[in-house]
Amino acid sequence: GKTTYCEAMRRHLAARGRDVVIINLDPANEKPPYEAEVDVSELVTVDDAAAEYGLGPNGGTLFCVEYLAANLDWLQARLRPPA
């Protein structure tokens, strides 16, 4: 539902001439049907975390959220406007 909503809103806003920036913070959604300006899967994915640490989907998701929190500098750098 979240991916469908984001894509529908992107199309809706773009059709009205609005600038749209999508940020994918879902580490389990590695290939969304839209181009995300920032994509957490560049930093960490649930599949990689699960494989490396022997985690299930919930544990992998929790690991990814904690990993992103520990690496907020990565996210902040990508959210800054280009110089």
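What percentage of the 83 residues of the protein chain count as buried? In this predicted model, the figure is 27%.

**Overall layout**

The protein chain contains four helices and two strands. Read from the N terminus, these elements follow the order α-β-β-α-α-α. The C-alpha trace spans about 45 × 30 × 15 Å along its principal axes. About 6000 Å² of the protein chain is exposed, and carbon and sulfur atoms supply 52% of that area. When contacts between residues at least 6 apart in sequence are considered, 36% of them join residues at least 24 apart.

**Helix packing**

Two packed helices are described by the angle between their axes and the distance between the axes. The values for two helix pairs are set out below.

| Helix pair | Axes come within | Crossing angle |
|---|---|---|
| H2 (residues 46–53) and H3 (residues 57–70) | 8 Å | roughly 110° |
| H3 and H4 (residues 72–79) | 5 Å | roughly 70° |

Angles of 65 to 115 degrees count as roughly perpendicular. With a crossing angle of roughly 110°, H2 and H3 are therefore roughly perpendicular to each other. On the H2 side, their contact is made by Val46, Ala49 and Tyr53. The H3 side contributes Pro57, Gly60, Thr61, Phe63 and Cys64. By class, the residues of this contact are six nonpolar and two polar, with no charged residue.

The second pair joins H3 to helix H4, with axes that cross at roughly 70°. That angle makes H3 roughly perpendicular to H4. Leu68, Ala69 and Ala70 of H3 make this contact with Leu72, Trp74 and Leu75 of H4. The contact of H3 with H4 has six nonpolar residues, and neither polar nor charged ones.

**Aromatic pairs**

How many aromatic pairs does the count come to? The count comes to two aromatic pairs. In one of them, the ring centres of Tyr53 and Phe63 are 4.8 Å apart and the planes lie at 40°, so this pair is tilted. Tyr53 belongs to helix H2 and Phe63 to helix H3, and the pair links distant parts of the chain, ten residues apart. Both residues also appear in the contact between H2 and H3.

Is Tyr53 buried or partly exposed? Its relative accessibility is 47%, so Tyr53 counts as partly exposed. Phe63 has a relative accessibility of 23% and therefore counts as partly exposed; the cut-off for buried is under 20% relative accessible area.

Phe63 also pairs with Tyr67, and here the rings are stacked, with 5.8 Å from centre to centre and 20° between the planes. Why are Phe63 and Tyr67 separated by about one helical turn? The separation arises because Phe63 and Tyr67 are four residues apart in helix H3. Tyr67 has a relative accessible area of 34%, so Tyr67 is partly exposed.

Taken together, the ring pairs link Tyr53, Phe63 and Tyr67 into a cluster. Within this cluster, Tyr53 lies in helix H2, whereas Phe63 and Tyr67 lie in helix H3.

Methods:
Residues numbered from 1 in each chain as written. Predicted model: local features only at pLDDT ≥ 70, side-chain atom pairs only at ≥ 80, totals over all residues. Heavy atoms only, no water. Axes fitted to C-alpha atoms, helices over the stretch in contact; angles between N-to-C directions. Parallel < 35°, antiparallel > 145°, perpendicular 65-115°, else oblique. Contact = heavy atoms within 4.5 Å. Nonpolar A, V, L, I, M, F, W, Y, C, P; charged D, E, K, R; others polar. Buried < 20%, exposed > 50% of the residue type's maximum accessible area, 1.4 Å probe, protein only. Areas by Shrake-Rupley, 256 points an atom, 1.4 Å probe, with all protein chains shown as cover. Phe/Tyr/Trp six-rings, centres within 6.5 Å; stacked < 30°, edge-to-face > 60°.
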